[in-house]
Protein chains: 2
Amino acid sequence: MNSVDTSARFRTGSVDMTHGGGGRAMAELIRDLFHRHLNNPLLDQGHDAAVFQPPAGRLVLSTDGHVISPLFFPGGDIGCLSVHGTVNDIAMGGARPLYLTASFILEEGYPLADLERIVMSMARAASEAGVPVVTGDTKVVERGKGDGVFITTTGLGVVPEGVDIRADRIRPGQLILLSGTMGDHGIAILSKRENLEFETEIRSDTAALHGLVGEMLEAVPSIAMLRDPTRGGVASTLNELATAADVGMVLDEAEILIRPDVAAACELLGLDPLYVANEGKLLCICEASDADNLLKIMKAHRYGQDAAIIGKVTEGSAGLVQMETGLGGMRVVDWLSGEQLPRIC
Amino acid sequence: MNSVDTSARFRTGSVDMTHGGGGRAMAELIRDLFHRHLNNPLLDQGHDAAVFQPPAGRLVLSTDGHVISPLFFPGGDIGCLSVHGTVNDIAMGGARPLYLTASFILEEGYPLADLERIVMSMARAASEAGVPVVTGDTKVVERGKGDGVFITTTGLGVVPEGVDIRADRIRPGQLILLSGTMGDHGIAILSKRENLEFETEIRSDTAALHGLVGEMLEAVPSIAMLRDPTRGGVASTLNELATAADVGMVLDEAEILIRPDVAAACELLGLDPLYVANEGKLLCICEASDADNLLKIMKAHRYGQDAAIIGKVTEGSAGLVQMETGLGGMRVVDWLSGEQLPRIC
């Protein structure tokens, strides 16, 4: 098969069961699609595994399955999302991400041209993040047994000396910082899914945050906790942390930013933006004396321009997250008990 | 929710969309199912990522999606298979597997009791292999958008000093060893799928081979290549290697073992066992002078009892795999061109 055949096939063809069969068709798909776009020296070794010499330091391993629907959405697609999601999980461990792996589960009949768009977006995101996809796997399931494309990415990172991100380092008196507006990703997906029209298009905030985290940790290696408020939003994430650290948290509603169009969409859809997923935002918990320094660093970074100190860690009410409302009242910000938005990542 | 509720729910309940939503239902599923069965110190850290100090040496990273159908089959299930598959990919890089990650994509409505059986089987396999599952992820897709359970596992391993497994170390004059009978896994799956009855039940050979590989490499660190002949079978694997190393290969049909019931099933189904998947067998390519030593070690191991020297690497016919047949003839063992058995792993 020559390259002319390949591009013709990618314009018009679709995934079939032979692409997962372990034979020539699969080898060609891997060569002409995955290797062509994601190429890097480790992937080019062409083994079932990537071999490399790690830098010194503790390692972090994280994995994330991506089943988002729709696969393409304002601001991104499953390809870049699957890079950002795992890069961010690694970064939230305080680590510098080194390598990614990617496992594709493809549905028979999915257009190869769309698959190529996804792989190219993945390649672009990996290249921008400086984190190569070093090994992968492809499986194909019959029509009706999958949903186009699922991608599981796994990341490996290294923790800089002196960094120790752990929920049990959260202590009363520390402050809670948030890097930007809430709910953009979830509302972008839902708008697309429900065909909602707004004056301006709401775009996902999907982004790789390891650059921002790197700058923050370089200035303040003693940061206690980092977490990206994805599924379940900032409310679920903080509840999880408050429970794990056995502390209370009090948030200041006025400091939590929500874009007006996102707020309007949430109103319309009956959603609380505190429970809506983000894919390019982070929560940081640090000593009160470090907060202003970190805030300045965050505001100077493209992914932290709207950062704010949104609350504090308290002694009493262990496991409870509360919020001071505009009127001076206090309400409990509970766990998200069930499904709010399915297949958001 | 107390533990009585949990076990009752696991007996009768099923996966619903809230289990992937990022809220309380997901946290409970993770705690009561995944953490309970797969527990180990790293997983118990309870983060989105596992942090650890690696041993010195080159690292190997490998990922594998598992979409096998049916999920339960004679000799195993998707749970143990997803451990064995990735442990073996790591071992075939010459490495000692250290850690696994697991990403679950669950279909709404799948019985929790069956999911628990799968997770328990995974836990048993991980424990037997001595390779803990240190972090994971769960997603849920709507009924009809998945197929019960898909599991992507990723493994990290460390390569012992002096070991260098690479296709381009394959050289003419080297010998090819195979650790046992061909086709057991694929035929076990297909028999189950097609409701075929044989006098004796054909069982999958699914097994973790890193123990066997460890003993082989300890005796002969200079092994050139290792590979497990999974999808596409021994024929596809050897074609891939012959192409990568730009060498020819000649196999001796008489030395390739096939269980009589597997041979009969292949006959019935019109399959060539050389193209049928294995999940507990390995190919080893080594210097001729090391072959007898390795064969002895393999035969002494529970997963290599039927090992044999099945062929040699040749100078001519680069990229071509041929087989000497019983009658003294020679036939080409070509690539598997399309699908033979879908969803075999």
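1. Let's start where the two chains meet: 68 residues of chain A are in contact with 68 residues of chain B. Keep in mind as you look around that this is a predicted model. Putting the chains together buries about 5,600 Å² between chain A and chain B, and carbon and sulfur atoms give 58% of that area.

2. What about charges across the interface? The rule finds 10 salt bridges between chain A and chain B. To see one salt bridge for yourself, find Lys139(A) and Asp64(B), where the closest N and O atoms are 3.1 Å apart. There are also 21 residue pairs in polar contact between the two chains, counting pairs with both residues at pLDDT 80 or more.

3. Which parts of chain A supply the side that touches chain B? At least two residues each come from helix 2 (24-38), strand 1 (49-52), strand 2 (59-66), strand 5 (96-107), strand 6 (133-141) and strand 7 (149-158) of chain A. Strand 6 of chain A gives the largest share, with eight residues. Sorted by type, the residues on this side of chain A come out as 28 nonpolar, 24 polar and 16 charged.

4. Strands pair up across the chains too. Strand 2 of chain A runs antiparallel to strand 1 (residues 49-52) of chain B, and four bridges link this pair. For a place to click, try Leu59(A), whose bridge partner in strand 1 of chain B is Phe52(B).

5. Now move to strand 11 (residues 283-286) of chain A. Is it buried or exposed on its two faces? Both faces are covered: Leu283(A) and Ile285(A) are buried on one side, and Cys284(A) and Cys286(A) are buried on the other.

6. Which strands pair with strand 11 of chain A? One of them is strand 8 (residues 175-178) of chain A, antiparallel and with four bridges. Within that pairing, Leu177(A) has Cys284(A) as its bridge partner, while Leu175(A) has Cys286(A). Strand 9 (residues 225-227) of chain A also runs antiparallel to strand 11 of chain A, joined by three bridges; here Met225(A) is partnered with Ile285(A).

7. Strand 8 of chain A deserves its own look. Leu175(A) and Leu177(A) point one way, Ile176(A) and Leu178(A) point the other way, and all of these residues are buried. Strand 8 of chain A also pairs with strand 12 (residues 308-314) of chain A, again in the antiparallel sense and over four bridges. In that pairing, Leu178(A) stands opposite Ala308(A).

8. Last stop: Glu201(A), which sits in the loop between helix 5 (184-193) and helix 6 (210-219) of chain A. Why is Glu201(A) called exposed? Because its relative accessible area is 53%, and the word applies over 50%. Setting aside residues up to four places away in sequence, Glu201(A) touches Pro74(A) and Arg259(A). And how many residues lie between Glu201(A) and Phe104(A) in sequence terms, and what is their separation in space? They are 97 residues apart in sequence and 29 Å apart in space, going from C-alpha to C-alpha.

Key:
Residues numbered from 1 in each chain as written. Chains lettered and ligands numbered in written order. Predicted model: local features only at pLDDT ≥ 70, side-chain atom pairs only at ≥ 80, totals over all residues. Heavy atoms only, no water. Contact = heavy atoms within 4.5 Å. Buried area = accessible area lost by both parts, 1.4 Å probe. Salt bridge = Lys/Arg side-chain N within 4 Å of Asp/Glu carboxyl O. Polar contact = N/O pair within 3.5 Å; in protein donor to acceptor, adjacent residues only side chain to side chain. Nonpolar A, V, L, I, M, F, W, Y, C, P; charged D, E, K, R; others polar. Pairing = 2+ DSSP bridges. Buried < 20%, exposed > 50% of the residue type's maximum accessible area, 1.4 Å probe, protein only.
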